[in-house]
Amino acid sequence: MKPLLRAALLGVLISVTTACQAESETAKKTAEAPQAQAATVAKAADAVKAENPFVRAVPPGQPNSAAFMVLNNSSAVAHQVVSATSPVANTVELHTHTNNNGVMEMRQIPQIDVPANGKAVLAPGGLHIMLIELRQELKAGESVAVTLTFEDGSTAVVDAPIQEVTPPMGGMKHH
């Protein structure tokens, strides 16, 4: 009877071990699934590309300038630029223009939305990136690096040529 009991116990032990291994493999695959899925979701900086970037040339002594571009989002997920930096300015802010009783005024905004499979246009008189307290002269023909930071923490460096740009019609007043 002992050999029969041993065989039965051995069979139970093998069954339990096999079941535990199968459960462990299933748990491992379940744990890896979100990581694999996250790897297939592109970073905002990979999905959003800057086209036709430029920075406005300013006369010597002018303390501020602005960067403009078209941000194209090739993903099915909306993204946001939440900040920007540049080595040519002490402060860099995201801005828009608002009409306040017929006077166009610039206002800082917390983010620039780039819709899924869409674009955000940063242009004179609209959305733009302010370069405040310039550290150097901005001469036409040179270029400026502007680093965009997105909502997911990813970054993209945009090389923006410096260009002469005529200001939009109407008064402009900085806040």
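**Close-up views of the predicted model**

**Figure 1. Pairing of strands S2 and S7.** Four bridges join strand S2 (residues 64–73) to S7, and the two strands pair in the antiparallel sense. The structure shown here, as in every view below, is a predicted model. One position of this pairing is given by Asn 72, which stands opposite Lys 119 in S7. Strand S7 comprises residues 119–122 and has two unlike faces: Ala 120 and Leu 122 form the covered face, whereas Lys 119 and Val 121 form the uncovered one. Lys 119, the residue opposite Asn 72, thus belongs to the uncovered face of S7.

**Figure 2. Overall organisation of the protein.** Two helices and eleven strands make up the secondary structure. Read from the N terminus, the order of the elements is α-α-β-β-β-β-β-β-β-β-β-β-β. The protein has 175 residues, of which 33% count as buried. Among contacts with a separation of 6 or more, 68% are between residues 24 or more positions apart. The exposed surface of the protein amounts to about 10,600 Å², and 57% of this area is supplied by carbon and sulfur atoms.

**Figure 3. Strand S4 and its partners S5 and S8.** Strand S4 (residues 89–100) pairs with strand S8 (residues 128–134) in the antiparallel sense, over six bridges. In this pairing, Glu 93 of the model stands opposite Met 130 in S8. Six bridges also join S4 to strand S5 (residues 103–108), again with the strands running antiparallel. Here the bridge partner of Thr 96 is Arg 107 in S5. S4 and S5 form a hairpin with two residues between them. Asn 101, in the turn of this hairpin, has a positive phi of about 55°.

**Figure 4. Surroundings of His 97 in strand S4.** Strand S4 also contains His 97. Is His 97 buried or exposed? Its relative accessibility is 13%, so His 97 counts as buried, the cut-off for this class being under 20%. The side chain of His 97 reaches the backbone oxygen of Gly 126 at 3.3 Å.

**Figure 5. Surroundings of His 79 in strand S3.** His 79 is found in strand S3, which covers residues 79–85. His 79 counts as buried because its relative accessible area is 5%, against a cut-off of under 20%. The side chains of His 79 and Ser 75 are joined by a polar contact of 3.4 Å. With neighbours within four places in sequence left aside, the residues in contact with His 79 are Ala 44, Ala 47, Val 48, Asn 73, Ile 112, Asp 113, Val 114 and Glu 151.

**Figure 6. Surroundings of Val 82 in strand S3.** Val 82 is likewise placed in strand S3. Val 82 has a relative accessible area of 31% and is therefore partly exposed, a class that lies between the cut-offs of 20% and 50%. Which residues does Val 82 touch, not counting residues up to four places away in sequence? They are Leu 94, Pro 110, Gln 111, Thr 149, Phe 150 and Glu 151. Val 82 and Phe 150 lie 68 residues apart along the chain, yet 5.4 Å separates their C-alpha atoms. Glu 151, touched by Val 82, is also in contact with His 79.

**Figure 7. The aromatic pair.** How many aromatic pairs does a search of the whole structure find? The search finds one. This pair consists of Phe 54 and Phe 68, whose rings are 5.1 Å apart centre to centre and tilted, with 35° between the planes. The pair links distant parts of the chain, as Phe 54 is in strand S1 (residues 48–56) and Phe 68 is in strand S2, 14 residues apart. Phe 54 counts as buried at 15% relative accessibility. Phe 68 counts as buried at 3% relative accessibility.

**Figure 8. The nonpolar cores.** The largest nonpolar core has 32 residues. Those with the most contacts inside this core are Val 55, Met 69, Leu 71, Ile 129, Leu 138, Leu 148 and Phe 150. Leu 138, with residues up to four places away in sequence not counted, touches Val 55, Arg 56, Ala 57, Val 58, Ser 65, Val 88, Val 144 and Ile 162. Another core, of six residues, lies apart from the largest one and has among its members Phe 54, Phe 68, Met 106 and Ile 132. In soluble globular proteins, nonpolar side chains tend to be buried together.

Technical notes: Residues numbered from 1 in each chain as written. Predicted model: local features only at pLDDT ≥ 70, side-chain atom pairs only at ≥ 80, totals over all residues. Heavy atoms only, no water. Buried < 20%, exposed > 50% of the residue type's maximum accessible area, 1.4 Å probe, protein only. Polar contact = N/O pair within 3.5 Å; in protein donor to acceptor, adjacent residues only side chain to side chain. Contact = heavy atoms within 4.5 Å. Pairing = 2+ DSSP bridges. Phe/Tyr/Trp six-rings, centres within 6.5 Å; stacked < 30°, edge-to-face > 60°. Core = buried A, V, L, I, M, F, W, Y, C linked by side-chain atoms within 4.5 Å. Areas by Shrake-Rupley, 256 points an atom, 1.4 Å probe, with all protein chains shown as cover.
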